[in-house]
Structure formats: C-alpha cells, structure tokens
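Grab a pencil and try these exercises on the chain below. Each one has a task, then a solution that goes step by step.

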Amino acid sequence: MRLSLSALLICLTFNSFAHEDNFILKNDSLPKDTLHSPKKAALYSALLPSAGQFYNKKYWKMPVVYAGLGAGIYFIIDNHQKFQFYKSEYLKNLDGQTTDLSSAQNFALQDQHHSWRDYSILFTGVFYALQIVDAAVDAHFFYFEEKINPDLSFRIQPTSMFTGFSQSAGLSFKLNF
C-alpha cells in the first residue's frame with residue numbers, strides 16, 4: 001500500500017511539473033513557410049527511399065537506408081538464383097539425369113533457398129516501411145530541440161519526513177525542465 005501510494009504521488013508530482021507549451025510546437029509560433037510536415041517526409045520516403053531523411057536533414061541516415069535496402073535486394077536475388085538452380089537440378093534428377101547431389105538433397109536445398117528468398121522479401125519490405133516511419137517521426141521532432149529547456153536534469157537525494165509523531169527517511173526526486 002505504501003509503495004503504490006508513493007508511486008501515485010511521484011506520478012502526480014511529475015504531472016504537476018509538466019508544461020505543455022515546453023514540448024508542443026504551436027503552429028503560430030513559427031512562420032508558415034518554415035513548418036516541417038511529417039506527411040511530406042513520409043511521402044518523400046515512400047516515393048524515393050531516404051528522401052524523407054534528406055528532407056529532415058538527417059543526411060547520415062541516407063547511406064544506412066540504401067545499405068539496408070541494397071543488402072535486402074542482394075539476398076532476394078541471390079536466394080532466387082540458388083532456388084532456380086536447385087529446382088532445375090531437382091527436375092533433372094526426376095528425369096533420370098545424374099547430378100552432383102541426390103534428388104532429396106536438391107529438393108531440400110531448393111526448399112531452403114525458397115524460404116530464405118521469401119524471408120528476404122519480407123525483411124526488405126519491413127525495412128522499407130520502417131524508413132518511411134522513421135522519416136515521419138523525425139519530421140514530428142524536427143523542432144523539438146528548439147523547444148526544450150537546456151536545464152534538463154534529474155536528481156535523487158535523501159530526505160526526511162515528519163508524519164504525525166514519527167520521523168521517516170526517504171528519497172526525493174527532483175526534475176528540472
């Protein structure tokens with residue numbers, strides 16, 4: 001009971017210190033031509049990978065996006081070629097031609113590369129979607145650093161409290177922002 005009451009008081013204390021205008025950018029606080037649009041960033045990234053990161057001026061993320069998508073496309077192509085090779089080898093075995101591997105081995109390798117190709121497609125698609133989400137989130141926080149207080153600190157210090165006729169020791173949490 002004492003722990004839950006303490007947690008409730010801490011949460012209420014944090015809520016009482018929060019100032020909405022410190023963290024939320026008002027549309028009228030900046031000129032209209034300087035507003036940064038998350039929709040634009042997401043659209044740019046959807047049309048051309050990493051264009052949203054360029055729009056957000058996060059230039060260091062552009063090579064990361066291209067490396068991730070390039071690696072995904074490489075594995076898609078490589079696994080598809082190996083799948084096709086082992087599929088043709090398996091069909092040769094079924095026709096009675098001899099190959100380096102048995103029919104069962106060719107079938108297992110064909111199935112393995114088929115699965116890996118499908119996983120590569122899935123992961124590349126997820127990576128593509130994540131770079132779009134990243135661009136939109138970065139656009140939301142484009143002006144965040146300008147709006148926060150530079151004196152952002154969190155301190156824990158010992159404290160003593162008088163409750164009724166007894167004295168108890170505790171910790172005090174102080175948050176500056």
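**Exercise 1. Find the partner of glutamine 53, then work out its surroundings.**

Start with the side chain: glutamine 53 makes a polar contact with the side chain of serine 45, at 3.2 Å. A polar contact here is a pair of N or O atoms within 3.5 Å; within protein, one must be able to donate a hydrogen and the other to accept it, and residues adjacent in sequence count only if both atoms are side-chain atoms.

A quick word on what you're looking at: this is a predicted model, where local features need pLDDT of at least 70 and side-chain atom pairs count only at pLDDT 80 or more, while totals for chains, interfaces and linings use all residues. Residues are numbered from 1 along each chain as its sequence is written, and side-chain values use heavy atoms, with hydrogens and water left out.

Next, place the residue: glutamine 53 sits in helix α4. (Helices, H or I with at least four residues, and strands, E with at least two, are DSSP runs numbered from the N terminus.) Now check burial: its relative accessible area is 1%, so glutamine 53 is buried. The cut-offs are under 20% for buried, over 50% for exposed and partly exposed in between, using a 1.4 Å probe and protein chains only.

Last, list neighbours. Leaving out residues up to four places away in sequence, glutamine 53 touches several residues, among them Ser45, Tyr59 and Gln131. Contact means heavy atoms within 4.5 Å.

**Exercise 2. Decide which side of helix α3 faces inwards, buried residues first.**

Helix α3 covers residues 38-47, and its buried residues are Ala41, Ala42 and Ser45. They lie on the same side of α3 because they cover an arc of only 95° around the axis. That arc is taken from the directions from the helix axis to the C-beta atoms.

What do these buried residues pack against? They pack against α4 (51-55) and α6 (103-140). Now flip to the face turned away from the buried side: there you'll find the exposed residues Lys39 and Leu47. Finally, look at the start of α3, where a side-chain oxygen of serine 37 comes within 3.3 Å of the backbone nitrogen of lysine 39.

**Exercise 3. Classify two aromatic pairs.**

First, the rule: rings of Phe, Tyr and Trp (its six-membered ring) pair if their centres lie within 6.5 Å; planes under 30 degrees apart are stacked, over 60 edge-to-face, and the rest tilted. By this rule there are eight aromatic pairs.

Take phenylalanine 54 and tyrosine 59: the centres are 5.3 Å apart and the planes sit at 65°, so this pair is edge-to-face. Phenylalanine 54 is partly exposed at 47% relative accessible area, and tyrosine 59 is partly exposed at 42%.

Now try phenylalanine 154 and phenylalanine 173: with centres 6.1 Å apart and planes at 25°, the pair is stacked. This pair links distant parts of the chain, with phenylalanine 154 in strand β1 and phenylalanine 173 in strand β2, 19 residues apart.

**Exercise 4. Describe the hairpin of β1 and β2.**

How many bridges join the strands? Eleven bridges join β1 (residues 153-163) to β2 (residues 166-176), and the two run antiparallel. Strands pair if DSSP finds at least two bridges between them. For one facing position, arginine 155 stands opposite lysine 174 in β2. At the turn, two residues lie between the strands, and glycine 164 takes a positive phi near 65°.
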